[in-house]
Amino acid sequence: MPPEVIVDEPSRLAEAAVRIVTAERERALADHGAFAVALSGGSAATALFPSLAALDWSRTEVFWADERAVPPDDPESNYGMARRLLLEPAAVPAERVHRMEADAPDLERAAAAYAQTLVRLLGTPTRLDLALLGVGPDGHVASLFPNHAALSEAGRLAVPVFDAPKPPPRRLTLTLPALTSSRRLLVFATGRAKAKVIGAALTDTSSRLPVASVTRPAAAVTFLLDPEAAEEAAIGATRP
Ligand code: 6PG
């Protein structure tokens, strides 16, 4: 199915995210009685979480698409950001929140433990209902960076990254199989610096950028873009 692309002013993209998350949660609850979502850090988190915090987060399992090797209270922690802007305001119960322990000394073991948690809670095949992804100016999503070995992982659901080009170098990330099998991907990008990679993801069917590799095979994808990020994708302003 071709991706849905919503282009709007940054301030209005959060409203679109609220609509999409609400619809996906309702569909998931009707279909299998629970909602499983993976969150990201970066500007997607700061732009969307305050609005998403107003939603009903009951019967929802919260995972992460990636995490940086910092303690949960560190300002760089993706979990910490979600806790401040979303999980605490929405009073999501701690037992439903599945932090990636990227600050663990043994990242291989932490990645394997995270994959086990996904399988235990979601069963097999292991499908998230929704993964929220930001996009780097280099086209990375989660902590899957261009030309990095983690991008070719075909079996495991989560892997360590020891040498990310974006600091900090140590991270945990869901893999392409874990992300592409999500029932919907919600990809958020704003600003001129993202225009080139968004253009490639939406118009170049042979692009090997992570944002293209994750969105191309996915069952359903919604891009949330501001007009600057959409500039090279040949899409004018849209409003759902
Ligand atoms: C992280 C994020 C990462 C992020 C992109 C885009 O831990 O760094 O999860 O994948 O989404 O780097 O970040 P910006 O939207 O802040 O540019």
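Helices here are DSSP runs of H or I, at least four residues long, numbered from the N terminus. Ser51 sits in one of them, helix H2. Keep in mind that this is a predicted model. The briefing starts at Ser51, moves out to the helices around H2, and then turns to charged side chains, including Asp226, which is buried yet has no salt bridge.

**Ser51 and its surroundings**

- Ser51 counts as partly exposed, because its relative accessibility is 29%, and the buried class stops under 20% while the exposed class starts over 50%.
- Leaving out residues up to four places away in sequence, Ser51 touches Ala14 and Val18.
- Ser40 is 11 residues away from Ser51 along the chain, and their C-alpha atoms are separated by 15 Å.

**How H1 and H2 pack**

- Two packed helices are described by the angle between their axes and the distance between the axes.
- Helix H1 covers residues 10-32 and helix H2 covers residues 42-52; they pack at an angle of about 55°, and their axes are 9 Å apart.
- H1 and H2 are therefore oblique to each other.
- The crossing of H1 past H2 is right-handed.
- On the H1 side, the contact is made by Leu13, Ala14, Ala17, Val18 and Val21.
- On the H2 side, it's Ala47, Leu48, Ser51 and Leu52 that make the contact.

**How H2 and H3 pack**

- The axes of H2 and H3 cross at roughly 25° and come within 8 Å.
- H2 and H3 are therefore roughly parallel to each other, since angles under 35 degrees count that way.
- H2 passes H3 in a right-handed crossing.
- H2 brings Gly42, Ala45, Thr46, Phe49, Pro50 and Leu52 to this contact, and H3 brings Asn78, Met81, Ala82, Leu85 and Leu86.

**What is covered in H3 and H6**

- Helix H3 (residues 78-87) is mostly covered, with seven of its 10 residues buried.
- Those buried residues are Asn78, Tyr79, Gly80, Met81, Ala82, Leu86 and Leu87.
- They pack against strand S2 (35-39), H2, S3 and strand S4 (66-68).
- In helix H6 (residues 195-203), the buried residues are Ala195, Val197, Ile198, Gly199, Ala200 and Ala201.
- The cover over the buried residues of H6 includes strand S8 (184-189), helix H7 (210-215) and S9.

**Salt bridges**

- Side chains of opposite charge can pair when their charged atoms come close.
- With a cut-off of 4 Å between a side-chain nitrogen of Lys or Arg and a carboxyl oxygen of Asp or Glu, the count comes to 18 salt bridges.
- Asp56 and Arg25 meet through their side chains in a salt bridge, at 3.5 Å from N to O.
- Asp56 lies in the loop between H2 and strand S3 (60-64) and Arg25 lies in helix H1, so this pair ties together parts that are 31 residues apart in sequence.
- Asp56 is partly exposed at 44% relative accessibility, whereas Arg25 is buried, with a relative accessible area of 11%.
- Arg68 and Glu76 also form a salt bridge, at 2.8 Å from N to O.
- Arg68 is buried, with a relative accessible area of 9%, while Glu76 counts as partly exposed at 37%.
- Arg83 pairs with Glu88 in a salt bridge, and their closest N and O atoms are 3.9 Å apart.
- Arg83 is partly exposed, with a relative accessible area of 22%, and Glu88 is exposed, at 54%.
- There's also a network of salt bridges linking Glu4, Glu24, Arg27, Asp129, Arg183 and Arg184.

**Asp226, a buried acid without a salt bridge**

- Asp226 is found in the segment after strand S9 (221-225).
- Which side chain of opposite charge is nearest to Asp226? It's Lys194, 8.7 Å away, and Asp226 is buried with no salt bridge.
- Setting aside neighbours within four places in sequence, Asp226 is in contact with Val7, Asp8, Pro10, Leu13, Ala189, Thr190 and Gly191.
- Leu13 turns up twice in this briefing: it is a contact of Asp226, and it is one of the H1 residues that meet H2.

How values were computed
Residues numbered from 1 in each chain as written. Predicted model: local features only at pLDDT ≥ 70, side-chain atom pairs only at ≥ 80, totals over all residues. Heavy atoms only, no water. Helix = DSSP H or I, 4+ residues; strand = E, 2+ residues; numbered from the N terminus. Buried < 20%, exposed > 50% of the residue type's maximum accessible area, 1.4 Å probe, protein only. Lys, Arg positive; Asp, Glu negative; His and termini not counted. Contact = heavy atoms within 4.5 Å. Axes fitted to C-alpha atoms, helices over the stretch in contact; angles between N-to-C directions. Parallel < 35°, antiparallel > 145°, perpendicular 65-115°, else oblique. Left-handed = near helix turned anticlockwise from the far one by under 90°.
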